[in-house]
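Reader: I am new to this structure and would like to learn how to read it one feature at a time. Could you show it to me, so that we can begin?

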Amino acid sequence: MWNEEDIKFMRRAIALSLRGRGRVNPNPMVGAVIARDGEVLAEGWHRAYGGLHAETDALSSCTGDPSGATMYVTLEPCCHQGKQPPCTDAIIRAGIAKVVFGMTDPNPLVAGKGLKILREHGIEVVHGLLEPEIRRLNRVFIKFITERRPWVTLKWAMTMDGRVAASSGDSEWVSCEESRRLVHELRGSNMAIAAGRGTVESDDPMLNCRIEGLRQPLRLVVDSGAALRTGSAIAKSAGSFPAMLAHLPSAPSAKLEALRTLGVRTLECSPDPAGRVDVADMLDRLGALSVDSLLVEGGPGLNWSFVEAGLADEFYIFVAPKFIGGSSAPGPLGGEGLQKMAGALPMEIESVSRSGDDILIHGFSGKCSQE
């Protein structure tokens with residue numbers, strides 16, 4: 001069904017779509033190529049949230065007449081008015097003869113309607129080219145638009161013997177400089193970062209992204225009783241970098257007000273059976289705020305809350321070539337844990353690579369591989 005030319009142009013559209021990573025959320029990453037007789041007439045991609053969609057970006061950069069040409073686009077063209085007008089209208093006006101798209105838009109406002117409109121106007125439409133690859137690239141968008149919850153990525157750095165800190169609590173630094181830079185890239189591609197109260201108390205992190213040109217994510221402290229110090233790095237910098245506190249209804253109102261005065265937003269969440277912030281409820285509330293992606297940076301208790309509840313989607317695990325020992329030195333997952341090895345929770349390993357001196361294991365929750 002597909003020839004080499006189709007595959008070449010769709011791969012180019014995929015490469016273009018990746019330029020929008022960390023800039024278009026909660027929209028999908030989309031790339032487009034307009035071609036005729038084997039020659040590229042124009043290219044485009046969704047560059048920033050609220051900006052031109054990939055199809056109209058490509059059409060706007062087309063210096064020649066696109067009528068009769070084929071458009072390759074990674075996602076079904078939209079047919080509704082949002083921050084931008086419908087892409088189907090622009091494609092019809094331009095006289096595009098054929099549209100090849102990778103995956104149907106899971107957004108209920110589109111979901112096959114764009115395809116139908118184009119065909120009703122005499123445009124040939126085929127789809128499904130490189131769809132599994134495109135679905136993997138837009139996994140954040142797919143989950144958010146269908147479940148209204150953020151995609152959850154857990155990240156931790158540990159020694160060869162599985163410690164994330166020494167028994168004294170010192171954790172600076174487990175991983176190497178190259179790995180720490182990659183973490184900042186992860187921060188810049190997620191809309192929010194979460195850390196538990198214990199991690200914030202012991203490390204006093206900024207949790208911001210330090211790579212120029214990438215987004216500054218919402219820094220979320222999961223802190224049932226609002227113990228976050230007003231003098232902490234996160235609270236003091238809330239006027240410059242967005243910050244939020246997820247807490248229980250029982251948190252002291254005076255402390256919450258003091259944090260709000262500094263610019264820290266507060267998010268009241270329901271308690272779980274153990275009397276902590278219910279992370280499932282927290283995800284629902286973040287989704288309602290259009291937060292489509294959450295990077296969890298610890299500590300062990302918060303990590304386990306997501307893993308135990310089956311709410312972790314993706315993992316980045318940095319393993320440093322070091323040993324630290326100590327029976328009281330913490331590992332990446334806390335909580336009560338599981339009593340039987342037979343009940344161990346699965347992870348699908350996507351890749352194992354080098355990150356400077358470290359080993360990087362990238363994978364997905366076993367539930368993702370079964371979907």
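Reader: Which backbone nitrogen does a side-chain oxygen of asparagine 3 reach at the start of helix 1?

Author: Please keep in mind from the outset that this is a predicted model. At the start of helix 1, the side-chain oxygen of asparagine 3 comes to within 3.0 Å of the backbone nitrogen of glutamate 5.

Reader: How far apart are the end C-alpha atoms of helix 1, and what span should its 14 residues have?

Author: One way to read a helix is to set its expected span beside the distance between its ends. At 1.5 Å a residue, the 14 residues of helix 1, which covers residues 4–17, should span 20 Å, and because its end C-alpha atoms are 20 Å apart, the two values agree.

Reader: Which residues of helix 1 are buried, and what do they pack against?

Author: The buried residues of helix 1 are Asp6, Phe9, Met10, Ala13, Ile14, Leu16 and Ser17. They cover an arc of only 160° around the axis, and therefore they lie on the same side of helix 1. Those buried residues pack against strand 1 (31–36), strand 2 (39–45), strand 3 (70–75), strand 4 (98–103) and helix 5 (131–137).

Reader: Strand 4 appears among those partners; how many of its residues are buried, and with which strands does it pair?

Author: Let us begin with the general idea. Strands of a sheet pair through backbone hydrogen bonds, either parallel or antiparallel. In this structure, strand 3 and strand 4 run parallel and are joined by 5 bridges, with tyrosine 72 standing opposite valine 100 in strand 4. Strand 4 also pairs with strand 5 in the parallel sense, over 4 bridges, and here lysine 98 stands opposite glutamate 124 in strand 5. Of the 6 residues of strand 4, 5 are buried, so strand 4 is largely enclosed by the rest of the structure.

Reader: In what order do the strands of the open sheet of 9 strands lie, and which strands form its edges?

Author: A sheet can be read by following its strands from one edge to the other. The order in this open sheet of 9 strands is 10-9-8-7-11-6-12-14-13, and the pairing is mixed. Its edge strands are strand 10 (265–268) and strand 13 (347–355), each of which pairs on one side only. On average, neighbouring strands of this sheet are turned by 20° against each other, with direction ignored.

Reader: How is strand 7 joined to strand 11, and which helix lies across strand 11?

Author: Strand 7 (residues 192–196) and strand 11 (residues 293–296) run parallel and are joined by 3 bridges, and the bridge partner of alanine 194 is valine 296 in strand 11. Helix 6 (residues 139–147) lies across strand 11, and also across strand 6 (151–159), strand 12 (314–320) and strand 14 (358–365), running at about 135° to strand 6.

Reader: Where does glutamate 297 lie, and is it buried or exposed?

Author: Glutamate 297 lies in the loop between strand 11 and helix 12 (300–308). Its relative accessibility is 14%, and because buried means under 20%, glutamate 297 counts as buried. Its side chain is joined to that of arginine 187 by a polar contact of 2.8 Å. Leaving aside residues up to four places away in sequence, the residues that glutamate 297 touches include Lys155, Ile193, Ala194 and Leu207.

Reader: Which residues are joined by cis peptide bonds?

Author: Here the angle to read is omega. Glycine 298 and glycine 299 are joined by a cis peptide bond with omega of about 5°, and glycine 299 is in the loop between strand 11 and helix 12. Another cis peptide bond joins glutamate 172 and tryptophan 173, with omega of about -5°, and tryptophan 173 has its place in the loop between strand 6 and helix 7 (177–189).

Reader: What is the phi of leucine 130, and what is that of alanine 226?

Author: Leucine 130 has a positive phi of about 55° although it is not a glycine; this residue is in the loop between strand 5 (124–127) and helix 5, and it is buried, with a relative accessible area of 18%. Alanine 226, also a residue other than glycine, has a positive phi near 55°. Alanine 226 lies in the loop between strand 8 (218–222) and helix 9 (233–236), and at 2% relative accessibility it counts as buried.

Definitions and conventions. Residues numbered from 1 in each chain as written. Predicted model: local features only at pLDDT ≥ 70, side-chain atom pairs only at ≥ 80, totals over all residues. Heavy atoms only, no water. Pairing = 2+ DSSP bridges. Helix = DSSP H or I, 4+ residues; strand = E, 2+ residues; numbered from the N terminus. Axes fitted to C-alpha atoms, helices over the stretch in contact; angles between N-to-C directions. Contact = heavy atoms within 4.5 Å. Expected span 1.5 Å × (residues − 1). Buried < 20%, exposed > 50% of the residue type's maximum accessible area, 1.4 Å probe, protein only. Arc of directions from axis to C-beta. Polar contact = N/O pair within 3.5 Å; in protein donor to acceptor, adjacent residues only side chain to side chain.
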